[in-house]
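Reader: Hello! I would like a close look at the empty space enclosed inside this protein, and at what lines it. Could you walk me through it, please?

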Amino acid sequence: MAKWGLRRKSLLALLLACLVALAPAVIIGWQVLDGVREHFGRAFADNFTQLNRQRILAPISRELALSQRLADSEVTRRWLRNESDPAARELFFVEADGYRRDLLSHAYFIASAATGNYYFNDDQPLSEAPRYTLSPTAPDDGWFYNTIKSSAPYNINVNPDLKLKTTRVWINVQVRDRGKVLGLTGGGLDVGGFLREFVNSGQPGVTPVIVDENGAIQAYSDASLIAYNSGAGGASDANTVFRLVDDGPGRDALRSAMRAAKADPQSVQSGWADVKGVKQLVSVAYMPELHWHVLTLVDLGAARVLDTRWLWPAAAGLVLLFAALLLCFGYAVERLMLRPLRRLQQSARAIANGSYDVRLPPGGQDEIGDLSRAFGIMADKVRQHTAELETKVRERTSELESANRAMAAAHKKIGDSIDYASLIQRAILPDRQLTQSLGAHHFVLWKPRDVVGGDFYVFHSDGANCLLGIMDCAGHGVPGALMTMLARAAIDLAVSEAGPRDPAGVLARTDNAIRAMLADAQLPRALATNTDAGLVYIDRQAGRLLYAGAKISLYASNGHDLREIPGGRRALGDKRAGEYRNIELPMEPGWTYYLATDGFLDQAGGEHGFGFGNTRFAEMLKRHAGRPLTEQAAAFTQALAEYQGGQPQRDDITLLSFRFE
C-alpha cells in the first residue's frame with residue numbers, strides 16, 4: 001500500500017508542477033507567436049514585393065529595350081521622314097517584323113507625328129496600311145500628342161485602344177531626329193495576361209498593386225480602378241492607390257513609404273494602413289526604369305504567412321509529453337530499478353560497439369529480468385542477421401559488378417553505333433564537290449548539337465553552274481540524323497525530276513516526296529517532320545543567282561550594305577503545303593552570300609541568356625563581309641563562341657557562304 005501511495009503522490013506533485021509552469025508558458029507563447037507572425041509577415045511582404053518587382057521589371061524592361069532600339073533605328077527615322085517612300089516603307093516593315101518576333105507580345109505600333117497615321121502589327125498577317133489616323137481634337141488620341149510634347153523620351157501607359165479593341169500596357173518611345181520628334185513606336189503587353197501573371201497572387205489576404213509615381217493605379221485585381229492613360233498624362237486623379245486607404249495616418253505613411261522607396265530603389269519600405277476598414281501591412285518597392293511602384297497589401301489575419309495548423313498537433317504532443325513524463329516519473333521511483341538498468345545499459349553499449357558475445361547480467365523474476373533475457377535473445381538475433389546481411393551484401397556486390405560490366409559493354413556498343421552513324425552522315429556531305437566547284441570562294445560551318453544532327457547541306461553540279469543549299473530537319477541527335485537521310489533521298493529525287501536550274505521546283509517536289517514517304521506512317525501528333533531549306537542556283541554564264549527558300553533567308557553583304565531575301569513562310573513537310581518561288585538576283589562581284597539555319601540565330605548566350613538574334617547576326621555579316629572567306633569562317637566561329645559563353649548549344653548550326661570575285 002505504501003508503494004502505491006508514494007507513486008500517486010509523486011505523480012500528483014509532477015502534475016501540479018507542470019500546470020503551474022504551463023499557464024505562463026501559454027500566455028508568453030501566444031505573445032511570441034503574435035510577434036513571430038508579424039515578423040514573418042513583414043519578411044513575406046518584403047520578399048513578395050521584391051519578387052513581383054523582378055517579375056514585372058524583367059519582361060517590361062526587355063520590351064522597353066527592344067522598343068528603344070526600334071525607335072533609334074535609322075530605318076525607322078528614314079521612313080518617318082518620308083512615309084511615301086516605298087523603299088523606306090518596305091525596309092522598315094521588314095526590320096520591324098524582326099522586332100515583332102522578338103517582343104514578348106509579338107506586337108508593335110508606330111505612329112507618325114507628321115500625318116497622324118497609326119500602324120499596328122501583331123501575329124496576324126503583316127499590314128503596311130494605317131489602322132487609323134490620329135487627331136489632336138479626339139479625346140481618345142490625347143495620349144499620343146501628350147507624349148510627343150513630353151520631354152521624357154518614353155512612357156509606359158495602360159490604355160484601352162477603342163479602335164483596335166484591345167487594352168494593353170503600351171510602351172511609347174519617341175522617335176527623334178536631331179531633336180525633333182518624328183513619331184512614336186513601341187510594343188504593348190496584353191493587360192489580361194499581365195494581370196494574371198503579375199497581379200493575381202493566388203494567395204488569400206495578399207493584394208499586389210502597381211502604381212506610378214503619382215499613385216495612379218496601373219494594375220489591380222479590380223480593373224475598374226485602373227487609371228487608364230495616366231502614363232501619357234491623360235488620366236484624372238480619381239483612380240489612385242490612396243482611394244484604397246482609409247482617411248488617417250495610413251495615407252501619410254503610404255506617401256512617405258513611396259518617397260523613401262523612390263529615394264532608395266534597392267530597398268523595400270513597409271508600414272501599416274487601414275484598407276477598407278482592415279489593418280493591413282503595406283510593402284513598397286520602386287522601379288526607376290519604369291517609374292512605377294510595386295505595392296503589396298497583406299492582411300495578416302487572412303494571409304497564410306505563418307502556418308498555424310501545427311498548433312493542434314503540438315498541443316496533442318504536449319499532452320502526450322506530460323503523460324509520458326508522469327509515467328516515467330512513476331516508473332523511476334520504483335525500488336531497485338536504476339542498478340539493473342545501468343548494468344543492462346553497459347551490455348547494450350557493448351553490443352552497439354559490435355561485441356555480440358557479451359554476457360548479460362542474470363535477470364530476476366521481475367520486469368527487468370524479463371527485459372534482460374529478451375535483450376539477450378535480441379543480441380543473438382542481431383548476430384545472426386548481421387552474418388546473413390554480410391553474405392547478402394557480398395552477393396549483391398558481385399551482381400552489381402556484373403551489371404556494371406554489362407552496362408559498360410552496352411554503352412560502348414551504343415557509342416560505337418552513334419560514331420558510325422556520324423561517319424555515314426558526314427559521308428553524304430558534299431565537301432569534295434564544293435571544294436572542286438567553288439574552292440576558296442566558299443566556306444561551311446557545320447556544328448551538330450550532338451554527335452549527329454538534323455542539319456546538312458547539298459550540292460549538285462550543272463556543268464559550269466551548280467545548285468547548292470542547306471536543309472534543317474526537325475529533331476536533334478539520332479532522330480534528326482535519320483530525318484536527314486529521308487530529306488537527302490527526297491531532294492536527290494526532286495533534282496533528278498525538276499533539274500538543278502529550278503530551285504523552287506526542287507523544293508516543291510522535295511515537299512511532295514517527303515509527304516509521300518510519310519503518308520502511311522502512324523506518327524504521333526507531337527512528332528515534327530518538317531524541314532527548313534534554302535537553295536541557290538548559280539548561273540555563271542548568265543551572271544545571275546536563282547534563290548528559293550522554305551523558312552530560310554538568303555543574306556548578301558558587301559561590307560557596307562546588307563540585303564535579306566526571305567524564303568517561303570512554310571517549311572517542307574509542314575501541316576499545310578507551302579508555295580515556293582524563284583527569286584532572281586544579279587551575281588555582283590565583291591558581294592558575299594550567306595545561308596544559315598536557325599540554330600545560329602537561336603543560340604542562347606550573353607548576359608541575360610537571350611538568343612543571338614537577327615540584328616546581331618546582320619551586324620556580324622556586315623562587319624566581316626569584306627574579309628577573305630577563310631577569315632570570315634574563323635571570325636563567325638569566334639563571335640558565336642564568345643556570345644555563347646558557358647551556355648549549352650541549343651540546336652544544330654549550319655552556315656554556308658560563297659562569293660564571286
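Author: Gladly; what follows goes through the cavities one at a time and then turns to two helix pairs.

Please keep in mind that this is a predicted model. How many cavities of 30 Å³ or more does the structure hold? There are 2 of them.

Let us begin with the largest cavity, which holds about 40 Å³ of space. Its lining is made up of Gly250, Ala253, Leu254, Ala257, Ser270, Gly271, Trp272, Ala273, Val282 and Val284. Helix H6 (249-263), strand E9 (269-275) and strand E10 (278-287) are the elements that each give two or more residues to this lining. Sorted by class, the lining has 7 nonpolar and 3 polar residues, with no charged residues.

The second largest cavity has a volume of about 30 Å³. Around this second space you will find Leu445, Lys447, Phe600, Phe636, Thr637, Leu640 and Ile653. Two or more lining residues come from each of strand E12 (442-447) and helix H15 (629-644). H15 supplies the largest share, with 3 residues. By class, 5 of the lining residues are nonpolar, 1 is polar and 1 is charged.

From enclosed space we can move on to packed helices. Two packed helices are described by the angle between their axes and the distance between the axes.

Take helix H11 (residues 477-498) and helix H12 (residues 503-517): their axes come within 8 Å and cross at roughly 130 degrees. H11 and H12 are therefore oblique to each other, and their crossing is right-handed. On the H11 side, the contact is formed by Leu486, Ala489, Ala490, Ile491, Leu493, Ala494, Val495, Glu497 and Ala498. These meet Gly505, Val506, Arg509, Thr510, Ala513, Ile514 and Met517 in H12. The residues of this contact divide into 12 nonpolar, 2 polar and 2 charged.

The other pair is helix H2 (residues 74-81) with helix H3 (residues 86-102), whose axes come within 9 Å and cross at roughly 140 degrees. Here H2 passes H3 in a left-handed crossing. From H2, the residues Val75, Thr76, Arg78 and Trp79 meet Ala87, Ala88, Arg89, Leu91, Phe92, Phe93 and Glu95 in H3. This contact of H2 with H3 has 7 nonpolar, 1 polar and 3 charged residues.

Key: Residues numbered from 1 in each chain as written. Predicted model: local features only at pLDDT ≥ 70, side-chain atom pairs only at ≥ 80, totals over all residues. Heavy atoms only, no water. Axes fitted to C-alpha atoms, helices over the stretch in contact; angles between N-to-C directions. Helix = DSSP H or I, 4+ residues; strand = E, 2+ residues; numbered from the N terminus. Parallel < 35°, antiparallel > 145°, perpendicular 65-115°, else oblique. Left-handed = near helix turned anticlockwise from the far one by under 90°. Contact = heavy atoms within 4.5 Å. Nonpolar A, V, L, I, M, F, W, Y, C, P; charged D, E, K, R; others polar. 1 Å grid on protein atoms, 1.4 Å probe; cavity = no way out; pocket = protein on both sides within 12 Å on 5 of 7 lines; lining within 4 Å. Points joined across faces, edges and corners; volume = space filled by probe spheres on them.
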